[in-house]
Each structure stands twice: as C-alpha cells, then as structure tokens.
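User: I'd like to learn how to read a fold and a ligand site. Could you walk me through one?

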Amino acid sequence: MHIVLLGAPGSGKGTQAQRLATGLGMQQLSTGELLRAAVSQRTAVGLAVQAAMEAGSLVPDETVLGMIRERLAADGATTQFILDGFPRTLAQARSLGDLLANLDQALRAVVYLEVDFDSLMKRLTGRRTCSETGQVLNIYYSSQADLDACRERGGELLQRDDDKEDTIRHRLEVYDRQTAPLIEHYRDEGLLRIVDADADVNTVYRRLTEALQG
Ligand code: AP5
C-alpha cells in the first residue's frame with residue numbers, strides 16, 4: 001500500500017517524505033528528484049524536460065508516468081512507496097489508479113499538506129541544498145549550526161534553478177490550475193487526509209503520522 005503526499009511547491013513534501021520513509025520503513029519516490037537527476041546526467045529524458053523544469057512548468061504526463069510505471073512494476077509488490085510530487089494532474093491520478101489496479105496494488109492514503117501562500121514563498125526563496133551532503137536546508141528556518149556545518153565540510157549552499165521568485169510564482173500558479181483539483185478527486189475516492197502543515201517540521205511530522213493512523 002502506497003502513500004501520496006500532495007501539496008503546493010514548498011509545502012514540505014520532500015522533507016516529510018524523507019522522515020516518513022525512515023520512520024515507517026517505506027521508500028521515497030520523488031519525480032522531481034528523478035527528473036533533476038536526469039537533467040544533471042544529460043540523459044535523453046533530461047535534455048527533453050530541462051526547459052520545462054527551469055521555467056517551472058510541468059513536464060509531459062507520459063514522461064513521469066513512464067518513470068512511475070517502471071518503479072511500481074519492478075518493486076511495487078515488495079516496497080511501499082511514498083509518492084512525492086506525483087501525481088500532479090488529473091490525467092496522472094487516473095493513470096496511477098489504472099496502473100495500481102493492473103498490478104493488484106493500492107493507495108493507502110493521500111495526504112494533503114496545507115500551507116498558506118506567504119509561508120510557501122518564504123520556504124522556497126530560502127531553500128538551499130548543501131553541495132557536499134545534499135542536505136536540504138533553509139536560510140530562514142535551519143539552525144545556524146546546520147548552515148555552518150555545510151560550509152565547514154567544504155560545501156556551498158546552492159539555490160535550485162527554479163527557486164527564483166518569478167519562477168516560484170509561476171510554479172504556484174501551475175499548482176493551483178493543474179494540481180489543486182486532485183484534492184477533490186481524492187476526497188471523492190475516500191483517500192484524502194488533510195494536515196495543517198504550517199508549523200515546524202517536527203509538529204508537521206507528528207500530525208502526518210497521526211493522520212495516517214486515523
Ligand atoms: P518537485 O521537485 O516535485 O518540486 P515541487 O513540487 O515544486 O516541490 P518542492 O520540491 O519545491 O517542495 P516540497 O513540497 O518538496 O518542499 P521541501 O520539503 O523541499 O518538482 C520540480 C519540477 O519537476 C516541477 O516544477 C516540474 O517541472 C517537474 N515535475 C516533478 N514532478 C512532476 C510531475 N508529477 N508531473 C509533471 N512535472 C513534474 O521544503 C521546501 C523548503 O522549506 C526547504 O528549504 C525545507 O527545508 C523547508 N521546510 C520544509 N518543511 C518546513 C516546515 N515545516 N517549516 C519550515 N520550513 C520547512
């Protein structure tokens with residue numbers, strides 16, 4: 001049984017998926033991470049999606065469905081996945097439903113991480129990734145000790161290409177238009193759990209695990 005984390009850019013899907021994966025013995029499956037890896041390795045998929053990602057638009061449904069199909073068919077029967085950033089359109093959600101049914105697998109829950117616009121902007125403009133450790137940090141929310149630890153290990157705090165203010169605004173518009181309708185879709189399917197994610201990381205994690213128990 002797999003879990004979907006649904007929410008706007010910056011709502012904390014990646015942060016919470018990592019913690020859930022450790023806490024519940026599941027595996028994070030992030031389409032954003034897979035696509036960024038393809039771009040940096042300059043694979044055929046990476047070259048095809050680079051422009052859309054830099055602009056903050058969605059990449060074609062078939063591209064992400066291909067990646068998800070491959071992982072679920074290979075490991076879905078033995079591994080419980082936390083889907084982070086997928087599905088993101090109604091077409092993706094419907095295809096995921098068909099795919100899982102064909103593989104005799106199912107979703108356990110879809111958790112919507114609810115965060116207000118101002119917090120999303122602050123989290124996204126402040127996000128940095130340590131070039132040495134890969135740790136995702138935030139210049140507004142991470143402790144000074146954590147930020148210093150990256151530099152002390154010889155790392156740099158890098159900003160994602162799509163975390164510039166104009167691109168962030170576009171990503172949030174794309175989310176409202178193409179992804180937010182999934183909230184009603186999954187409410188109708190009886191899978192939706194809503195978590196107030198406008199709180200510190202530990203509090204959100206506690207709320208998330210409680211929502212999954214209900
Ligand atoms: P993707 O990588 O999925 O980006 P996103 O959905 O825009 O989400 P983010 O990674 O920006 O945010 P997040 O919710 O994971 O938050 P995080 O935990 O990092 O996708 C990138 C691109 O790939 C898309 O634009 C699209 O082009 C393409 N793509 C991916 N999937 C696709 C799909 N299915 N279909 C089509 N195209 C697709 O947290 C953000 C920051 O806030 C961090 O600094 C973190 O430290 C901080 N933070 C987290 N939680 C808290 C908290 N509780 N309090 C304070 N700070 C916090």
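Analyst: Happily; we will go from the sheet to its helices, then to one residue and the ligand. Keep in mind that this is a predicted model.

User: Let's start with the sheet. How are its strands ordered, and is the pairing parallel or antiparallel?

Analyst: The general idea is that strands of a sheet pair through backbone hydrogen bonds, either parallel or antiparallel. In this case five strands make an open sheet, and reading across it gives β2-β3-β1-β4-β8, with parallel pairing. At the edges sit β2 (27–30) and β8 (192–196), each of which pairs on one side only. From one strand to the next, the twist averages 25°.

User: Could we zoom in on one pair? How many bridges join β4 to β8?

Analyst: Strand β4, residues 107–114, is joined to β8 by five bridges, and the two run parallel. For a landmark in your viewer, find L113: V195 in β8 stands opposite.

User: Which strands do helices α2 and α9 touch?

Analyst: For a helix on a sheet, look at the strands in contact and at the angle between directions. Helix α2 (residues 31–40) packs on the sheet against β2 and β3 (81–84), and its direction makes about 60° with that of β2. Helix α9 (residues 181–188) also packs on the sheet, touching β1 (2–6), β4 and β8. The direction of α9 makes about 130° with that of β8.

User: Now a single residue. Is T203 buried or exposed?

Analyst: A residue counts as buried under 20% relative accessible area. T203 has 17%, so it is buried. It belongs to helix α10, residues 201–213, and its side chain makes a polar contact of 2.7 Å with the side chain of D200.

User: And the ligand: which residues come nearest?

Analyst: There are 34 residues around the ligand, and T15, S57, R88, R127 and R171 come nearest. For polar detail, look at oxygen atoms of the ligand. One is 2.9 Å from a polar backbone atom of G10, and a polar backbone atom of G14 is also 2.9 Å from a ligand oxygen. From R36, a polar side-chain atom lies 2.9 Å from an oxygen of the ligand. Taken alone the ligand exposes 1,000 Å², of which the protein buries 95%.

User: Which element gives the most residues to that shell?

Analyst: Helix α2 does, with four residues. The elements giving two or more are α1 (13–24), α2, α6 (117–126), β6 (136–138) and α10. So two helices we have met return here: α2, which packs on the sheet, and α10, which holds T203.

Notes:
Residues are numbered from 1 along each chain as its sequence is written. This is a predicted model: local features need pLDDT of at least 70, side-chain atom pairs count only at pLDDT 80 or more; totals for chains, interfaces and linings use all residues. Side-chain values use heavy atoms; hydrogens and water are left out. Two strands pair if DSSP finds at least two bridges between them. Axes are lines fitted to C-alpha atoms, for helices over the stretch in contact, and angles run from 0 to 180 degrees between N-to-C directions. Contact means heavy atoms within 4.5 Å. Buried means under 20% relative accessible area, exposed over 50%, partly exposed in between (1.4 Å probe, protein chains only). A polar contact is a pair of N or O atoms within 3.5 Å; within protein, one must be able to donate a hydrogen and the other to accept it, and residues adjacent in sequence count only if both atoms are side-chain atoms. A residue is near a molecule or strand if one of its heavy atoms lies within 4 Å of it. Accessible areas come from the Shrake-Rupley method with a 1.4 Å probe; for residues, only the protein chains shown count as cover.
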